[in-house]
Amino acid sequence: MSNKTFYVTTPIYYPSGKLHIGSAYTTIACDVLARYKRMMNYDVRYLTGLDEHGQKIQQKAQEAGITPQEYVDGMAKEVKELWELLDISYDQFIRTTDDFHEEVVAKIFEKLLAQGDIYLGEYTGWYSVSDEEFFTESQLAEVYRDENGNMIGGVAPSGHEVEKVSEESYFFRMSKYADRLIAYYKEHPEFIQPDGRMNEMLKNFIEPGLEDLAVSRTTYTWGIKVPSNPKHVIYVWIDALMNYITALGYGQENQANFDKFWHNDANHEVLHMIGKDILRFHSIYWPIMLMALDLPLPTRLVAHGWFVMQDGKMSKSKGNVVYPEMLVERFGLDPLRYYLMRSLPVGSDGTFTPEDYVGRINYELANDLGNLLNRTVAMINKYFDGNVPAFATATEFDADLAAVVADNIAAYHQQMEAIDFPKALEAVWTIISRTNKYIDETAPWLLAKNEDQKVQLAAVLAHLAASLRVIAHLIQPFMMETSNAIMEQLGLGKDFDLENLSLAGLPTDIKVVKKGRPIFPRLDMDEEIAYIKEQMTVDKPQSEKEWNPEEVELKSSKSQIKFDDFDKIDIRVAEVKNVERVQGSDKLLRFRLDAGDGEDRQILSGIAKFYPNEQELVGKKLQIVANLKPRKMMKQYVSQGMILSAEHEGQLTLLTVDPSVPNGSVIG
């Protein structure tokens, strides 16, 4: 086992609603780091989880008519399913309702109380339930005043309204540790990244005078109670931040993982990755709590920006929310992981657009990388019967290719350590671009025409295979399926070693597959852009969607249509010949149906959870929309229609017809 350790954490997400690509970004970014460090022979522990206490959760549960525990249990199941879909290689999923966590947090609170770092007082201030956060008047984005100029409310920077709260509260003496924290900042300029974020904390929160922090509430009950005064619930942020050490066993009988991973020195790193909106809690309150507990501070806090839309932050009311499940089911996992890691600049926000998403798949993945692999495999099969020639130098272009590869392997490692994923991938694409240029320079199709140039041809194809091997290694933390597919098509298996990677490291006696499937088929730009835009409005409230004022709204959620519109729909009877679950999706079933038109058709439908025994559908006669334009799903399947169903109170049932009705019969 390595003597180098790497402990990486996501924030623990607040399960008040469905997670969008912003949360997916953070989790995938930590996954990329964890995979990279494992490939660099670090002993890695990757933590993620949920922050399940607080007033907002209690309110959500009440609205749903269930207990808070039932609510968070359901949310935890959904989040774990999402992380499985995104192939997140976490080692532990912590929930703040875990017994061990609650017990240790209660002990920590009493310890800090006993040593005088926490005291009882009364708090009056402006509180946002949605943010679970208190704000001073100067911190609010907007302030409401009455006719006499007195403040009566306001809006937090998040856009959520605040309310005035007065209650007995315990306080943490943050001011006691302010000078020590400033000194730590100066001694460790790398502590908060990217550059500039540390100055924000100093100027906005510490230098004006660090106020003591309210760390308990009495206006709700869903949380960890203070043992010595149980009418108080420990404030959610204190509770949540402790997860990073309770997950490792701190304060418990078995502290082996804590003793192993919670260090801050040359061979041990603790890295928290968070969104910039929660940096204050992680860079001020969390370090001070650790100081009070006499524990080492994390090595680095990386506070990334947000993915925003062209019309601002993602919001259901705007109809601009993008969920990762939709993108994975439509385009596959690797394009999503690649896009998120390539498109968010370090230190600033990134803008998501459907045009950019589809464009990167077509131009960078399909054209640049996909074509390079396809051409290389085809030429090795054509000119050397699938046998990869031994690596050798024989053309005037070989040395420059080798230099570019070596320089960009070094740049890749430098940027990965700096947590600059766009630049790390830029280094990989520089290798891809240079290798594509190498094909044009060496023109292997011309070399193949002259038997005297067989040696040069062999060297060229070996260099192409070697370059693709390097590329496959470098993208493995980002795009596992693609990396594995490249290695498989080159006959290299899955033997990865990032520490000793070089162009000349190509193994001998390897044979490529005879015919490799294109790893990234080109997409119809207009069709796929339109699809993403359509899906972005699925969860938009009906009142926010565009509508025709001349139409009469029905009591149902649909608007009236003309008969000519209905007459365009071709609904037919189709018999289920075969049905199976789609690998890589927990929602999709793949149907093969006989719709009476001479050829079986394939339809993918996201109904797997309603039919756990999907084989019961074989032989059933269903109703399908037969003239719906075919669309690609999961990158490799084409769905040729839509199966009709009825939905009621969250349950879905496929619409069947009498078995005696012939296949292909028109329903109208």
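Student: Where does UniProt place the short sequence motif "'HIGH' region"?

Tutor: This is a predicted model: local features need pLDDT of at least 70, side-chain atom pairs count only at pLDDT 80 or more, and totals for chains, interfaces and linings use all residues. Residues are numbered from 1 along each chain as its sequence is written, and side-chain values use heavy atoms, with hydrogens and water left out. UniProt positions follow the numbering used here, feature names are shortened, and annotations may be inferred rather than shown by experiment. The record, an unreviewed entry, puts the 'HIGH' region at residues 13-23.

Student: How far apart are the end C-alpha atoms of residues 13-23?

Tutor: Helices (H or I, at least four residues) and strands (E, at least two) are DSSP runs, numbered from the N terminus. By that count the stretch 13-23 is 27% helix and 0% strand. Its end C-alpha atoms are separated by 8 Å.

Student: How many helices and strands does the protein have?

Tutor: The C-alpha trace spans about 85 × 70 × 50 Å along its principal axes. The secondary structure comes to 20 helices and 26 strands.

Student: What is the radius of gyration of the protein, and what would a compact globule have?

Tutor: The radius is taken over C-alpha atoms, and the globule rule is 2.2 Å times the number of residues to the power 0.38. For 668 residues, a compact globule would come near 26 Å, which agrees with the protein's 29 Å. So the pair asked for is 29 Å for the protein and near 26 Å for the globule.

Student: What percentage of the 668 residues is buried?

Tutor: Buried means under 20% relative accessible area, exposed over 50%, and partly exposed in between (1.4 Å probe, protein chains only). Of the 668 residues, the buried share is 54%.

Student: Among contacts between residues at least 6 apart in sequence, what percentage joins residues at least 24 apart?

Tutor: Contact means heavy atoms within 4.5 Å. With that cut-off, the share joining residues at least 24 apart is 74%.

Student: How many residues of α12 are buried?

Tutor: Helix α12 covers residues 333-343. Its buried residues include D334, R337 and R342 as well as L336 and L340. The helix is mostly covered, with a buried count of 11 of 11.

Student: Which residues of α12 meet α15?

Tutor: Axes are lines fitted to C-alpha atoms, for helices over the stretch in contact, and angles run from 0 to 180 degrees between N-to-C directions. The axes of α12 and α15 (421-442) lie 6 Å apart at about 115 degrees. That makes the pair roughly perpendicular, since angles under 35 degrees count as roughly parallel, over 145 as roughly antiparallel, 65 to 115 as roughly perpendicular and the rest as oblique. On the α15 side are F421, P422, L425, E426 and W429; on the α12 side are Y338, M341 and R342.

Student: By class, what residues make up the contact of α12 with α15?

Tutor: Ala, Val, Leu, Ile, Met, Phe, Trp, Tyr, Cys and Pro count as nonpolar, Asp, Glu, Lys and Arg as charged, and the others, Gly among them, as polar. By class, the contact of α12 with α15 has 6 nonpolar, no polar and 2 charged residues.

Student: Which residues of α12 meet α1?

Tutor: The axes of α1 and α12 come within 10 Å and cross at roughly 90 degrees. The two helices are therefore roughly perpendicular. From α1, I21, A24, Y25, I28, A29, D31, V32 and R35 take part, and from α12, R337, L340 and M341.

Student: Is D51 buried or exposed?

Tutor: D51 sits in the loop between β2 and α2 (55-64). Setting aside neighbours within four places, D51 contacts I12, Y13, Y14, P15, T96, V236 and A240. At a relative accessible area of 6%, D51 is buried.

Student: What is the phi of N41?

Tutor: N41 lies in the loop between α1 (21-39) and β2 (43-50). At 41% relative accessibility, N41 is partly exposed. Phi is positive in this non-glycine residue, near 70 degrees.

Student: What is the phi of D87?

Tutor: D87 belongs to the loop between α3 (68-85) and β3 (92-95). With 37% relative accessibility, D87 counts as partly exposed. D87 is not a glycine, yet its phi is positive, about 55 degrees.

Student: Which residues does a cis peptide bond join?

Tutor: P194 is in the loop between β9 (192-193) and α6 (197-206). Omega is about 0 degrees for the cis bond joining Q193 and P194.
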